[in-house]
Amino acid sequence: MISSSRRGFLRGLAGVSLLSAGGCFTPHPRKPGQKVRLAAVGVMGKGYSDWTPMLKTGLVEMVAFCDADANMLTEALEKAKKDFPGLDLSKVPFYTDYRKLLDDADKIGIDAMTISTPDHVHAPVAIQAMKKGIHVYVQKPLVRTLWELEYFEKTARENGVVVQMGNQGSSLNSMRRCTEVLQSGILGDVKEVHVWTNRPVWPQGKGVADWVKSHPKGDPVRKGLDWNAWLATAADRPFLDKYPDNADVYDPWKLGKNVYHAFTWRGFFDFGAGAFGDMACHTMNLAFRGLELGGVSDAECTMVESQNDVAYPLKSIVKLTYKERDSKVRPGVKLPAVTLYWYDGNEKPKAELMPKWAAKNGGKVPNTGCLMIGSKGQVLMQDDYGAKCAIALDADSEFKDVFQHEAAKAVARSIPFCGQESSAGDGKSTVEMKGFAEGHYGEFINAIFGKGPYYEQTHSRCFADIEYCIPQMEGILVGCVAQRLPGVKLGWCSKKQKFDVAAANAFVKPYIRKGFEF
């Protein structure tokens, strides 16, 4: 077990990595075999795929589980029996209310926490955990509202904890390599970016709003579900169970017809951040890092389908403007303002924008991706995470993989790949960091021990730490507000945390129910 004084020391180490220019340190001596005491908030679904990779490192001991639905624990324990034969997790303390878990955190001795809940619970849990010096791995989107984002950053910096956001593609070698290539300036001036996704694949839109409004009395709460804890900070309302088969509700993936729980909460304004919040942390990742994007000056939702006041629309196009900025990678270089177009609901940019790709692919645009258009060429990411990145300069006849393109190969390496350093910190074993899921989680655990590569660009040992994910999330959340006021150009001032349109400011801060303040 890591003692309270040990956790305090680790907080100090993490603070150095976040706040100083150097950020390198020597870990405090510790006993061989000492493990990180991990709590998981959200235990099944994405939760299971968050805490189990950390357990597989051999550097973690599970000390608490928390899920508003006790049925999720039953499923998780059954699955864990197969995935971890010989390991008995049945005696790990379990909570349905995260407030009680946090009350007991010091007594349990929690060092780190995975937070894999509906979006509206990310900030309440993470912020209170960080105040206790607990390191947090938070699923994307990091938070649901702009007010929470500022509060999250302030708390993380004040407490010097290790933070990693769950956009696992950040650990892919291809994404990191393409980031280096873009940062070299190989495309010249990039002023236009297009990012698109096939989401939502869960119910949202006007059909959802109509159903909820027509059922004010609600349904009996399912056995094992702590509905009060599930609602958390959100305004009180009756539980709604399932849509009937004949309900006029968009549900392309047939997700069980759940109204709120499980997973289908994502489309509701009060609980999720829609397709933009769900996928932009992945699909915008390469553009944000590679173009060194920073502050957003304005946003406008230029197309919307199925607009309503309860759930996100079925489709939208949002235009974000990122400000001109100084390059941090190439000192003295001024980077131009960028217009970024976001498309969801299977909307896509026109094939004419990527003629060299379209000519070789039957005029088709990838189902999901990111296109960066520069004065000297283009980069196209053809998936959600950055596993497939290709480049075509003006003189090229077609796109080539970023690892194979001759001009790209000439760009010097500057960002460590996730597997380059993988010492576990106990002197006996190592964490195998392969990239994607394993690497992203192993990186978080290694960072707690002061091990693994140090990233100059995030001033941390986590590549998705607050130095990166806070400004990226700000643009995404500004875009989410724009979706609620289509056709209105919204100017955003980060310093004042205000829009220049009064109606938009109503969406900056979340509703916080009495008893769930944080």
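This passage describes the confidence, overall architecture, an enclosed helix and the aromatic contacts of a predicted protein model.

The mean pLDDT of the predicted model is 91, and 90% of its residues reach 70 or more. Two segments depart from this level of confidence. Over residues 1–30, pLDDT stays under 50, and the model has 76 contacts beyond four places in sequence for this segment. The second segment, residues 420–437, likewise stays under 50 in pLDDT, with 44 contacts beyond four places in sequence.

The secondary structure of the protein comprises 17 helices and 18 strands. Of the 518 residues in the protein, 59% are buried. The exposed surface comes to about 20,100 Å², of which carbon and sulfur atoms supply 52%. When contacts between residues at least 6 apart in sequence are considered, 70% join residues at least 24 apart.

Helix α11 illustrates burial at the level of a single element. This helix spans residues 274–283, and 10 of its 10 residues are buried, so α11 is largely enclosed by the rest of the structure. The buried set consists of Gly-274, Ala-275, Phe-276, Gly-277, Asp-278, Met-279, Ala-280, Cys-281, His-282 and Thr-283. In general, an α-helix has 3.6 residues a turn, so residues three or four places apart point the same way. In α11, however, burial extends to 10 of the 10 residues.

Aromatic side chains form a further set of contacts, with a count of 25 aromatic pairs in the model. One of these joins Trp-211 and Tyr-243 in an edge-to-face arrangement, with 5.9 Å from centre to centre and 65 degrees between the planes. The pair links distant parts of the chain, since Trp-211 belongs to helix α9 (residues 206–213) while Tyr-243 lies in the loop between α10 (227–231) and α11, 32 residues apart. Both partners fall under the 20% limit for burial: Trp-211 counts as buried because its relative accessibility is 19%, and Tyr-243 counts as buried because its relative accessibility is 3%. Aromatic residues are also grouped in a cluster formed by Trp-227, Trp-230, Phe-239, Tyr-260, Phe-268 and Phe-271.

Arginine side chains are also placed over aromatic rings. Arg-99 lies over the face of Phe-516, at 3.7 Å from the ring centre. In a second case, the charged end of Arg-289 is positioned over the ring of Phe-463, 3.9 Å from its centre.

Key
Residues numbered from 1 in each chain as written. Predicted model: local features only at pLDDT ≥ 70, side-chain atom pairs only at ≥ 80, totals over all residues. Heavy atoms only, no water. Buried < 20%, exposed > 50% of the residue type's maximum accessible area, 1.4 Å probe, protein only. Helix = DSSP H or I, 4+ residues; strand = E, 2+ residues; numbered from the N terminus. Phe/Tyr/Trp six-rings, centres within 6.5 Å; stacked < 30°, edge-to-face > 60°. Lys NZ or Arg CZ within 6 Å of the ring centre and 35° of its normal. Contact = heavy atoms within 4.5 Å. Areas by Shrake-Rupley, 256 points an atom, 1.4 Å probe, with all protein chains shown as cover. pLDDT = per-residue confidence, 0-100.
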